[in-house]
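The following account leads the reader through one protein structure, region by region. It may be read with the sequence and the coordinates at hand.

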Amino acid sequence: MGFGDLKTPAGLQVLNDYLADKSYIEGYVPSQADVAVFEAVSGPPPADLCHALRWYNHIKSYEKEKASLPGVKKSLGKYGPSSVEDTTGSAAADAKDDDDIDLFGSDDEEESEEAKRLREERLAQYESKKAKKPAVVAKSSILLDVKPWDDETDMTKLEECVRSIQADGLVWGSSKLVPVGYGIKKLQIQCVVEDDKVGTDMLEEQITAFEDYVQSMDVAAFNKI
């Protein structure tokens with residue numbers, strides 16, 4: 001398990017692919033797992049790795065709060081896709097620690113499976129309780145105008161970057177390119193948000209973070225649902 005060397009293009013590519021369908025390294029909220037991986041990255045990923053860049057900018061916004069994020073920070077090799085070899089050296093150290101604690105190497109695995117089972121049961125119970133509670137969720141439909149720098153900006157890539165932004169309570173809808181003059185077109189894209197979870201300030205911060213493609217973002221229409 002791991003990402004490889006996150007200071008290399010290959011490692012960042014693994015991170016980008018891993019985050020293609022995830023908002024965070026683990027779970028559904030920022031945690032110490034994100035802090036551990038963030039600290040291993042030397043700087044913002046390039047714009048073409050839009051999933052990794054979106055995640056990097058989001059976690060960077062928690063800079064002053066990272067010590068208070070939930071979870072326990074583990075070695076870098078404990079995170080990432082299982083198909084990637086841990087190159088951080090933590091695997092050997094962890095194996096040595098396991099030998100010192102458990103000569104047969106079986107109890108940890110059993111405990112891990114038990115912890116996994118308990119976590120799944122608790123999640124199922126939580127979802128069941130949540131489903132039984134009638135709740136009115138305030139939502140809004142937002143139409144955004146995302147403007148490129150010039151007529152040479154790759155609008156397909158720009159839209160891909162925008163749609164790579166994922167958050168609980170955010171659903172992207174239809175889009176179209178609208179001419180603004182001098183051969184330049186802006187991206188007009190619809191989204192539905194849960195008001196308590198996603199705001200226009202957050203959307204603007206994350207969209208304009210793709211500064212290689214995006215010049216600015218404006219709210220063209222905002223309607224409560």
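**Aromatic residues and the helices that carry them**

K22 lies over the face of Y18, with 4.3 Å to the ring centre. The model in which this arrangement appears is a predicted one. Y18 itself counts as buried because its relative accessible area is 16%, and the limit for a buried residue is under 20%.

A search of the whole structure finds three aromatic pairs. In one of them, F3 and Y18 meet edge-to-face, with 5.3 Å from centre to centre and 85 degrees between the planes. F3 belongs to the segment before α1 (9–18) and Y18 to helix α1, so the pair ties together parts that are 15 residues apart in sequence. F3 is buried as well, with a relative accessible area of 2%.

The rings of F38 and Y56 are arranged otherwise: their centres are 4.7 Å apart and their planes stand at 25 degrees, so this pair is stacked. The reasoning rests on the cut-off for stacking, which is planes under 30 degrees apart. Since F38 lies in helix α2 (residues 32–40) and Y56 in helix α3, the pair ties together parts that are 18 residues apart in sequence. F38 counts as buried at 12% relative accessibility, and Y56 is buried with a relative accessible area of 8%. Together with W55, F38 and Y56 form one aromatic cluster.

**From the α2–α3 loop to helix α6**

L49 is found in the loop between α2 and α3. Its relative accessible area of 6% makes L49 a buried residue. Leaving aside residues up to four places away in sequence, L49 touches L12, Q13 and N16. A further relation links L49 to a distant part of the chain: the C-alpha atoms of L49 and C161 are 112 residues apart along the chain and separated by 8.7 Å.

C161 is one of the buried residues of α6, which are M155, K157, L158, C161 and V162. Seen down the axis of α6, these residues fall within an arc of 160 degrees, so they line one face of the helix. An α-helix has 3.6 residues a turn, so residues three or four places apart point the same way. The elements that cover the buried residues of α6 include α3, β1, β2, β3, α7 and β4. At the N-terminal end of α6, D154 acts as the cap: a side-chain oxygen of D154 lies 3.1 Å from the backbone nitrogen of T156.

Beyond this helix, S164 lies in the loop between α6 and β2. S164 counts as buried because its relative accessibility is 2%. When residues up to four places away in sequence are not counted, S164 touches C50, H51, R54 and F210.

**The hairpin and the residues that follow**

Strand β2 (residues 170–181) pairs with strand β3 (residues 184–194) in the antiparallel sense, over nine bridges. G181 stands opposite I184 in β3. The hairpin of β2 and β3 has two residues between the strands, and in this hairpin Y182 takes a positive phi near 55 degrees.

The loop between β3 and α7 contains D195. Is D195 buried, partly exposed or exposed? Its relative accessibility is 23%, and D195 therefore counts as partly exposed. In sequence, D195 and L170 are 25 residues apart, while in space they are 9.5 Å apart, C-alpha to C-alpha. Apart from residues up to four places away in sequence, D195 touches A138, K139, S140 and K224. With S140 there is also a polar contact between the two side chains, at 2.7 Å.

**Helix α7 and its surroundings**

Which residues of helix α7 (residues 200–208) are buried? They are M202, L203, Q206 and I207. Seen down the axis of α7, they fall within an arc of 120 degrees, so they line one face of the helix. What covers the buried residues of α7 includes α3 (50–60), β1 (139–148), α6 (155–163), β2, β3 and β4 (214–224). Helix α7 appears in turn among the elements that cover the buried residues of α6.

Notes:
Residues are numbered from 1 along each chain as its sequence is written. This is a predicted model: local features need pLDDT of at least 70, side-chain atom pairs count only at pLDDT 80 or more; totals for chains, interfaces and linings use all residues. Side-chain values use heavy atoms; hydrogens and water are left out. Two strands pair if DSSP finds at least two bridges between them. Helices (H or I, at least four residues) and strands (E, at least two) are DSSP runs, numbered from the N terminus. Buried means under 20% relative accessible area, exposed over 50%, partly exposed in between (1.4 Å probe, protein chains only). The arc is that of the directions from the helix axis to the C-beta atoms. Contact means heavy atoms within 4.5 Å. A polar contact is a pair of N or O atoms within 3.5 Å; within protein, one must be able to donate a hydrogen and the other to accept it, and residues adjacent in sequence count only if both atoms are side-chain atoms. Rings of Phe, Tyr and Trp (its six-membered ring) pair if their centres lie within 6.5 Å; planes under 30 degrees apart count as stacked, over 60 as edge-to-face and the rest as tilted. A charge sits over a ring if NZ of Lys or CZ of Arg is within 6 Å of the ring centre and within 35 degrees of the ring normal.
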